[in-house]
Amino acid sequence: DAEELRRITDDPTIIAAISFLRAPFTIADARMLIGQNANGRDLFRGIRHRADNLLVGLVGSHDRGTGTVEIGYWIGTAFQRRGYAPEAVRGVIGLGIQE
């Protein structure tokens, strides 16, 4: 997954919009981001195209304490404006309601 994540994230438009990303976004950066899932506060999930399982974006949920959860996302520029972000955010909210 790290190479796919690097591919969609190492884009000046994406990096400029997300404060914690740096340029260039490397495989090591992708692995570190994926590894944050183990900290218990941040959870990143891949957004994949159903037909071919291609990674098109990422959605993250972040426990900010006192019952506050922040949700963020980015979609690879080639896949933007196709409805992936709203669907992914609805999915994350749905998972939170179930838990």
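The legends below accompany an overall view and several close-up views of a predicted model of one protein chain.

**Figure 1. The whole protein chain, with its four helices and three strands.** Read from the N terminus, the elements follow the order α-α-α-β-β-β-α. The radius of gyration is 13 Å, close to the 13 Å that the globule rule gives for 99 residues, so the chain is as compact as a globular protein of that length. Along the principal axes, the C-alpha atoms fill a box of roughly 35 × 30 × 20 Å. Of the 99 residues, 33% count as buried, and the accessible surface of the chain comes to about 6300 Å², with 53% of this area belonging to carbon and sulfur atoms. Among contacts between residues at least 6 apart in sequence, 40% join residues that are at least 24 apart. The chain carries 12 positive and 12 negative charges, and the mean positions of these two sets are 2 Å apart.

**Figure 2. Helix H3 (residues 27–35) and its two sides.** Which residues of helix H3 are buried? Asp 29, Ala 30 and Leu 33 are buried in this helix. These residues cover an arc of only 100° around the axis, which puts them on the same side of H3. Arg 31 and Met 32, by contrast, are exposed on the other side of H3. The buried residues of H3 pack against helix H1 (2–9) and also against three strands, namely S1 (42–48), S2 (55–65) and S3 (68–75).

**Figure 3. The cis peptide bond between Ala 23 and Pro 24.** Most peptide bonds are trans. The bond that joins Ala 23 and Pro 24, however, is cis in this model, with an omega of about -10°. Pro 24 has its place in the loop between helix H2 (12–17) and H3.

**Figure 4. Asn 53 and Arg 81, two loop residues with a positive phi.** Most residues other than glycine have a negative phi. Asn 53 is not a glycine, yet its phi is positive, at about 65°, and this residue lies in the loop between S1 and S2. With a relative accessibility of 48%, Asn 53 counts as partly exposed, because that class lies between the buried residues, under 20%, and the exposed ones, over 50%. Arg 81, which is likewise not a glycine, has a positive phi of about 65° and is found in the loop between S3 and helix H4 (84–98). The relative accessible area of Arg 81 is 85%, and this residue is exposed.

**Figure 5. Ile 14 of helix H2 and the residues around it.** Is Ile 14 buried or exposed? Ile 14, found in helix H2, is buried, with a relative accessible area of 5%. When residues up to four places away in sequence are not counted, Ile 14 touches Ile 8, Thr 9, Leu 21, Trp 74, Ile 75, Thr 77 and Gln 80. One of these residues, Thr 77, is 63 residues away from Ile 14 in sequence, while the two C-alpha atoms are 7.7 Å apart in space.

Definitions and conventions: Residues numbered from 1 in each chain as written. Predicted model: local features only at pLDDT ≥ 70, side-chain atom pairs only at ≥ 80, totals over all residues. Heavy atoms only, no water. Rg over C-alpha atoms; globule rule 2.2 N^0.38 Å. Buried < 20%, exposed > 50% of the residue type's maximum accessible area, 1.4 Å probe, protein only. Contact = heavy atoms within 4.5 Å. Areas by Shrake-Rupley, 256 points an atom, 1.4 Å probe, with all protein chains shown as cover. Lys, Arg positive; Asp, Glu negative; His and termini not counted. Charge placed at Lys NZ, Arg CZ, Asp CG, Glu CD. Arc of directions from axis to C-beta.
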